[in-house]
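This briefing covers two topics, a pocket and a pair of unusual backbone angles, and it is best read with the coordinates open.

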Amino acid sequence: MTIREQASEAARAARRLATLSTAARNQALLAMADALLREEPVVLAANAADMEAGRAKSLKASLLDRLLLTPERLADMAEGLRQVAALPDPVGAILGGSTLPNGLTVTKIRVPLGVVGIVYEARPNVTADAIGLCLKSGNAVLLKGGSEALHSNTAVAAVLRRAAEEAGIPAGAVQFIASTDHGAVQELIRLRGLVDVVIPRGSARLIQAVVANATVPVIETGVGVCHTFVDASADFDKAERIILNAKTQRPSTCNALETLLVHEAVADTFLPRIVRVLQEHGVTVLGDARVQAVDSAVEAATDEDWATEYGDLRLSVKVVSGLDEALDHIASYGTKHSECILTEDYDHARRFQQAVDAACVYVNASTRFTDGFQFGFGAEIGISTQKLHARGPMALPELTTYKYLLCGDGQVRP
């Protein structure tokens, strides 16, 4: 089928899916989880082909890590589907209502968005997360993954689609676009009238390309130039633990630390310690003149570095005069994703949380917690960095909209 035909089939399926019971959708998700584990050899073989091709193309280690599937990661994907099945169903939830003076009743309820398009890069786990979340929330899904994960995504989508349809999900509700043509994304994001919303997940270049060219409404996600500010009152032991976790626990993710800001009052004591520890953990440190003076191995940071999401073991470090300069720097270079202050000063903590414009603002905790699973939402469709409709980890409620149900007994407008 053409992409338009796939979208048309998804739209037809979405109308039927919206009326399917919660129990039926949950049963399908559990069947999909079982199928994913049952078909593990098929999925891992497909992933091995992608990994071999990725190494041949000299993909960097962080991208290969995103691409890799293992039995443990497949088990996590299956568990994610089960957890989504166990979550409360947002569809049909009553958000409000009233009876007008003329006796007309008005009820506001949650309903599915309809057909959700997902454009993403080398993350096969996104395929399972997106399908599970969309079906649970009553949406059909149209997936366009990156060419680096084509075999993996095709295999995962085929397994889940087959299991879903065998469990009673309308045929066509799960669609995967296998085309590697660069024009495929452009076609998908312009199917206004068939696709209700597009959600891009991946690099800044991918997201901006979708935002700039789509005629379908877009929910912008993911780019994470995340900062941590070490205030003058910070507990150094706590700060070191948090910074290492935020940078090294999984540097390829969008919630990983990319820029460290250090108050000048503690720079002489804290910088040598944290630079040494970061280097011991394989991190390449880039910094301003004061950070470079700490160690000859520190590279000079440029204006471009302050705005870069590395997704790798690289970290920009800057000394600032205090909270005000830290806030100014974050306002200039942040991407409204996740920001953190390390401080024992309550007033500074409260001011930071109030002043920083981001989806998630932390005090004394790693930015790596910005995640739907960590927040208790189950799997996530992405981290929204915009302000309208959804912000932060997007889970089931964010995949719905609402409508008004009105009931009367012959009322007409005077």
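In the class count used here, Ala, Val, Leu, Ile, Met, Phe, Trp, Tyr, Cys and Pro are nonpolar, Asp, Glu, Lys and Arg are charged, and the others, Gly among them, are polar. The model is predicted, with local features needing pLDDT of at least 70 and side-chain atom pairs pLDDT 80 or more, while totals for chains, interfaces and linings use all residues. Numbering runs from 1 along each chain as its sequence is written, and side-chain values rest on heavy atoms, without hydrogens and water.

**Second largest pocket**

- The second largest pocket (an open set of points on a 1 Å grid over the protein atoms alone, where a 1.4 Å probe fits, with protein on both sides within 12 Å along at least five of seven lines) holds about 170 Å³ of space, a volume being the space filled by probe spheres set on the points.
- Its lining, meaning residues with an atom within 4 Å of a point, has six nonpolar, three polar and three charged residues, including R25, R110 and K403.
- Strand β2 (residues 105–112; strands are DSSP runs of E, at least two residues) gives the largest share of that lining, four residues.

**Positive phi**

- Most residues other than glycine have a negative phi.
- S58, in the loop between α3 (40–56) and α4 (61–67), has a positive phi of about 60 degrees and is exposed (over 50% relative accessible area, 1.4 Å probe, protein chains only) at 61%.
- N364, in the loop between β13 (360–363) and β14 (382–384), has a positive phi of about 55 degrees and is partly exposed (between 20% and 50%) at 24%.
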